[in-house]
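Good morning, colleagues. Please turn to the sequence and the structure on the screen.

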Amino acid sequence: AMHELGYDVLMSDVDTAWIKDPMPFFVGTEARKNADLLISSDCASCMADEAKGLCIHAPFNIGIMLWRRGPVATALLNEWVGNLKKKG
């Protein structure tokens, strides 16, 4: 619902502890700044490995997701919800 109202949505697991504002990380590179959806992974050192091109194929860990408002993320959310409804 928040996304439909035009907000970016940051979702995190209940056991996530934010020690400082995470937003600088989300806009730290052009790729992250322009992404429609950012999802955490099991990469141990994202900042260091990203610069080296490593951890590109690390498994997703949806404990933290940033959904940016816009047609791409909205279409994905709608498809996801539709699939969940089909499965009951």
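I shall begin with the overall fold and then turn to the aromatic residues.

Please bear in mind throughout that this is a predicted model. The protein contains four helices and three strands. Read from the N terminus, its elements follow the order β-α-α-β-α-β-α.

How much of the protein is buried? Of its 88 residues, 18% count as buried. The accessible surface of the protein amounts to about 6700 Å², and carbon and sulfur atoms contribute 61% of that surface. As for contacts along the chain, I consider those in the protein with a separation of 6 or more; 57% of them are between residues 24 or more positions apart.

Let me now come to the aromatic rings. A search of the whole structure yields two aromatic pairs. One of them is formed by Phe-25 and Phe-26, and its geometry is edge-to-face. A pair of aromatic rings is described by the distance of the centres and the angle of the planes. For Phe-25 and Phe-26, the centres lie 5.9 Å apart and the planes stand at 70 degrees. The pair is called edge-to-face because its angle of 70 degrees is over the cut-off of 60.

Are these two residues buried or exposed? Phe-26 has a relative accessible area of 6% and is therefore buried, the cut-off being under 20%. Phe-25, at 31%, is partly exposed.

Which charged residue sits over the ring of Phe-25? It is Arg-32, whose charged end is placed 4.2 Å from the centre of that ring. Phe-25 thus takes part in the edge-to-face pair with Phe-26 and also lies beneath the charged end of Arg-32.

Definitions and conventions: Residues are numbered from 1 along each chain as its sequence is written. This is a predicted model: local features need pLDDT of at least 70, side-chain atom pairs count only at pLDDT 80 or more; totals for chains, interfaces and linings use all residues. Side-chain values use heavy atoms; hydrogens and water are left out. Rings of Phe, Tyr and Trp (its six-membered ring) pair if their centres lie within 6.5 Å; planes under 30 degrees apart count as stacked, over 60 as edge-to-face and the rest as tilted. Buried means under 20% relative accessible area, exposed over 50%, partly exposed in between (1.4 Å probe, protein chains only). A charge sits over a ring if NZ of Lys or CZ of Arg is within 6 Å of the ring centre and within 35 degrees of the ring normal. Helices (H or I, at least four residues) and strands (E, at least two) are DSSP runs, numbered from the N terminus. Contact means heavy atoms within 4.5 Å. Accessible areas come from the Shrake-Rupley method with a 1.4 Å probe; for residues, only the protein chains shown count as cover.
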